[in-house]
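Student: I've got the model up and I'd like to go through its spaces and its ligand. Quiz style is fine with me.

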Amino acid sequence: MKKKLLGAIALSAVAGLVLAGCGTGRDGGGDGAEEISEDARIGVALPDRTSENWVLAGDLFVDGLEEAGFEPDVQYAGSNNPVQDQQQQIEAMIQNGAEVIVIGAADTAQLSTQLQTAKDAGITVISYDRLIENSENIDYYIAFDNYEVGVLQGTALLEGLEERFGDEDTWNIELFSGSPDDSNAPVFFDGAMSVLQPKIDDGTLNVVSGQTDIAATATQGWLAENAQERMDNLIQGNYSSGTEVHGVLSPNDTLARAILASASDAGLETPVVTGQDSEVESVRSIMAGDQYSTISKDTRLLVADTIELVSTLQAGDEPAETEALDNGAADIPSILLDPVIVTQENAAEVYADDPNLAPLTED
Ligand code: BGC
């Protein structure tokens with residue numbers, strides 16, 4: 001799948017939203033503008049806590065929405081039955097009078113029915129972090145630029161290989177992608193492969209297992225144990241006779257640490273492993289010289305911009321800077337923030353204003 005950027009309107013990389021200031025109502029991916037009360041109930045449906053960013057987002061939404069005068073209703077899908085849980089939570093939000101529902105989808109392909117009900121009830125729907133697929137009933141999508149995340153990961157992998165294994169003629173690598181039920185997974189992967197594929201083609205990189213497509217590299221549920229098991233198998237099948245694995249493309253931090261654990265258990269030299277999310281344990285690992293890179297997608301910024309979007313819509317305005325992303329059913333007006341690559345070299349600088357991460361980067 002290629003990055004689908006259709007009809008970019010007034011593209012510019014901004015972290016905050018610039019308001020058009022016109023009060024003419026809005027019509028996003030769905031039809032018709034609905035009034036939003038000043039003290040509206042805002043539902044926030046988040047997936048299970050597969051990575052720290054989701055955990056952080058929940059608390060930030062509660063505090064930020066209250067501060068903006070709204071009434072937050074934040075729910076997480078449980079890990080046993082996340083899809084059904086989330087569908088029920090969204091249905092309950094609709095019943096309980098939510099005027100806006102922000103959704104970080106547990107499964108981006110399984111919410112069409114709920115979104116139709118929401119739209120029929122005049123509710124504004126915002127797809128958060130993951131683009132919900134095959135529904136036209138989404139008013140806005142807000143996320144970090146996922147394709148760019150992948151490009152940064154692919155670039156970091158090459159840089160790390162040069163840094164740690166510069167003497168080798170060919171670098172042996174393996175590829176991991178995210179969960180097949182998350183529309184972000186192929187976008188991350190395609191971004192990374194836009195950088196890596198030419199290097200595979202020219203022989204700079206050798207994917208020793210031969211597993212290069214998204215189906216073979218997928219990690220169901222974004223679960224660490226699934227990545228660790230696949231890495232154990234890859235090592236056993238391809239690297240047991242002294243062949244070195246120099247690098248691994250990992251789509252996020254949780255999986256990066258599982259991959260590193262597997263390599264370490266097998267007694268291999270630490271490969272260059274990428275990541276995403278700036279999780280505490282991964283930032284520690286980067287500072288210790290193990291994991292090579294992560295991505296900073298500041299959850300504080302994404303949540304603040306989402307709440308700002310809600311306030312903008314409540315005021316009857318439109319966000320000025322959107323671009324259209326095709327979700328299979330419609331072009332969804334989207335706000336994409338810039339991700340930042342982080343390695344040992346720039347960690348202190350990137351996390352300088354983050355009270356949780358800054359102390360980890362001090363030597
Ligand atoms: C998010 C990533 C996260 C992954 C697993 C993706 O949709 O964009 O930040 O690592 O889900 O939770």
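Student: By class, how many residues of each kind are in the lining of the largest pocket?
Tutor: This is a predicted model, so local features need pLDDT of at least 70 and side-chain atom pairs pLDDT 80 or more, while totals for chains, interfaces and linings use all residues. Residues are numbered from 1 along each chain as its sequence is written, and side-chain values use heavy atoms, without hydrogens or water. A pocket is an open set of points on a 1 Å grid over the protein atoms alone, with protein on both sides within 12 Å along at least five of seven lines, and lining residues have an atom within 4 Å of a point. Counting Asp, Glu, Lys and Arg as charged, Ala, Val, Leu, Ile, Met, Phe, Trp, Tyr, Cys and Pro as nonpolar, and the others, Gly among them, as polar, the lining of the largest pocket comes to 11 nonpolar, five polar and eight charged residues.

Student: Which element gives the most to that lining of the largest pocket?
Tutor: The largest pocket has 24 lining residues, with D298, T299, R300, D354 and L357 nearest its centre. Going by helices (DSSP runs of H or I, at least four residues, numbered from the N terminus), α1 and α10 (299–314) each supply at least two residues of that lining. With five residues, the top contributor is α1.

Student: What volume does the largest pocket have?
Tutor: Grid points are joined across faces, edges and corners, and volume means the space filled by probe spheres set on the points. For the largest pocket, that gives about 470 Å³.

Student: Now the cavities: which elements give two or more residues to the lining of the largest cavity?
Tutor: A cavity is a set of points where a 1.4 Å probe fits but cannot get out, and the structure holds three of 30 Å³ or more. The largest cavity has a volume of about 120 Å³. Its 14 lining residues include S51, N53, R130, W222 and D277, which lie nearest its centre. The elements giving two or more residues to that lining are α1 and α5.

Student: Where does the ligand sit?
Tutor: A molecule sits in a cavity or pocket if more than half of its atoms lie within 2 Å of its grid points. By that test, the ligand is in the largest cavity.

Student: How many residues surround the ligand?
Tutor: α1 (52–67) and α5 (184–201) each supply at least two residues of the shell around the ligand. By class, that shell has three nonpolar, six polar and five charged residues. The closest are D129, R130, D182, D277 and K297, and with a heavy atom within 4 Å as the cut-off, the number surrounding the ligand is 14.

Student: How much of the ligand's accessible area does the protein cover?
Tutor: Ligand oxygen atoms lie 3.0 Å from a side-chain N or O atom of T50, 2.7 Å from one of R130 and 2.8 Å from one of K297. Of the 310 Å² of accessible area that the ligand has on its own (Shrake-Rupley method, 1.4 Å probe), the protein covers 100%.

Student: Which elements give two or more residues to the lining of the second largest cavity?
Tutor: The second largest cavity has a volume of about 60 Å³. N53, W54, Y128, D129, F144, K297, T299 and L302 line the second largest cavity. The elements giving two or more of these residues are α1 and α10.

Key: Polar contact = N/O pair within 3.5 Å; in protein donor to acceptor, adjacent residues only side chain to side chain.
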